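Subject: Structure for you to look at

Hello,

Here is the structure I said I would pass on. Please open it next to this email and follow along.

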Amino acid sequence: MARLVGINHVALEVDDVEEALAWYGRVFDFELRGRAGGRMAFIDMGDQFIALAAGRTQPPDEARHFGLVVDDKEEARAALREAGVEVQASGPLDFVDAWGNHVQVVDYREVQFTKTAEVLRGMGSGPLEKGDRALAELRDKGLLG
């Protein structure tokens, strides 16, 4: 059997790719990886990406969601609030984008997800720290050197 080793990308359906790039650009600092015509754009996250695809057909997501890892969850919360997006004042950070995609934002320090030093360097980022709980989870799985 093939072993799952990661997620290459998540595709989000939006009504308009240009609007979606502008909307997400008000909230997150990102690089555009590329485009596939006017119907798709790819937001770079180092060795992964988000695909924005024109043609949203389903109703807004409720329970179905995906998680984005950021270097500072509270900065993301502030940017979302500044953009007029309804979010909790503290604690978990979930939002629904303008097209009904439910997104959960988690802080890199709080999860066992890791980026190698090479990927971080390629992203133009310095080292990112982990919190004690995330370090314990990584240690318990034998994922720390």
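Below is what was found, going through the two sheets, a few single residues and the largest pocket. Please keep in mind that this is a predicted model.

The four-stranded sheet

One sheet is open and has four strands in the order β1-β4-β3-β2, with mixed pairing. As background, strands of a sheet pair through backbone hydrogen bonds, either parallel or antiparallel. The edges of this sheet are β1 and β2 (31-36); each has a single partner strand, so one side of each is left without a neighbour in the sheet. From one strand to the next, the twist averages 25°.

To see one pairing in detail, look at β1 and β4. They run parallel and are joined by six bridges. A residue pair you can use to find the register is His9 and its bridge partner in β4, Phe49.

The three-stranded sheet

Another open sheet has three strands, in the order β5-β7-β6, again with mixed pairing. Which strands stand at its edges? They are β5 and β6, and because each has a single partner strand, one side of each lacks a neighbour in the sheet. The twist here averages 30° from one strand to the next.

The mixed pairing can be followed strand by strand. Strand β5 (residues 66-70) pairs with strand β7 (residues 102-107) in the parallel sense, over five bridges. Within that pairing, Gly67 stands opposite Gln104 of β7. Strand β6 (residues 93-96), by contrast, runs antiparallel to β7, and four bridges join the two. Here Val96 has His102 in β7 as its bridge partner. The hairpin of β6 and β7 has five residues between the strands, and in it Gly100 takes a positive phi near 95°.

Both members of that last bridge pair are worth a look. His102, in strand β7, counts as buried, because its relative accessibility is 14% and the cut-off for buried is under 20%. Its side chain makes a polar contact with the side chain of Asp94, at 2.8 Å. Val96 lies in strand β6 and is partly exposed, with a relative accessible area of 41%. Val96 and Asp47 are 49 residues apart in sequence, and their C-alpha atoms are 25 Å apart in space.

Two residues in loops

Arg56 is found in the loop between β4 and β5. Is this charged residue buried or exposed? Arg56 is buried, with a relative accessible area of 12%. What does its side chain reach? One contact is with the backbone oxygen of Pro59, at 2.9 Å. Another is with the backbone oxygen of Trp99, at 3.0 Å.

Asp72 sits in the loop between β5 and α2. It counts as partly exposed, at 22% relative accessibility; the class begins where buried ends, and buried means under 20%. Asp72 and Val106 are 34 residues apart in sequence, but from C-alpha to C-alpha they are 8.4 Å apart in space.

The largest pocket

As background again, rolling a probe the size of a water molecule over the atoms shows where empty space is left. The largest pocket has a volume of about 1,500 Å³. Its lining is made up of 45 residues, and those nearest the centre are Met45, Val69, Phe113, Lys115 and Met123. Several elements give two or more residues to this lining: β1 (9-14), α1 (17-27), β3 (40-45), β4 (48-54), β5, α2 (73-82) and α3 (117-122). Which of them gives the most? That is β5, with five residues.

What classes of residue line the largest pocket? By class, 25 are nonpolar, twelve are polar and eight are charged.

If you want an order for viewing, start with the sheet β1-β4-β3-β2, go on to the sheet β5-β7-β6, and end at the pocket around Met45, Val69, Phe113, Lys115 and Met123.

Regards

Conventions
Residues are numbered from 1 along each chain as its sequence is written. This is a predicted model: local features need pLDDT of at least 70, side-chain atom pairs count only at pLDDT 80 or more; totals for chains, interfaces and linings use all residues. Side-chain values use heavy atoms; hydrogens and water are left out. Two strands pair if DSSP finds at least two bridges between them. On a 1 Å grid over the protein atoms alone, a cavity is a set of points where a 1.4 Å probe fits but cannot get out, and a pocket is an open set with protein on both sides within 12 Å along at least five of seven lines; lining residues have an atom within 4 Å of a point. Grid points are joined across faces, edges and corners, and a volume is the space filled by probe spheres set on the points. Ala, Val, Leu, Ile, Met, Phe, Trp, Tyr, Cys and Pro count as nonpolar, Asp, Glu, Lys and Arg as charged, and the others, Gly among them, as polar. Axes are lines fitted to C-alpha atoms, for helices over the stretch in contact, and angles run from 0 to 180 degrees between N-to-C directions. Buried means under 20% relative accessible area, exposed over 50%, partly exposed in between (1.4 Å probe, protein chains only). A polar contact is a pair of N or O atoms within 3.5 Å; within protein, one must be able to donate a hydrogen and the other to accept it, and residues adjacent in sequence count only if both atoms are side-chain atoms.
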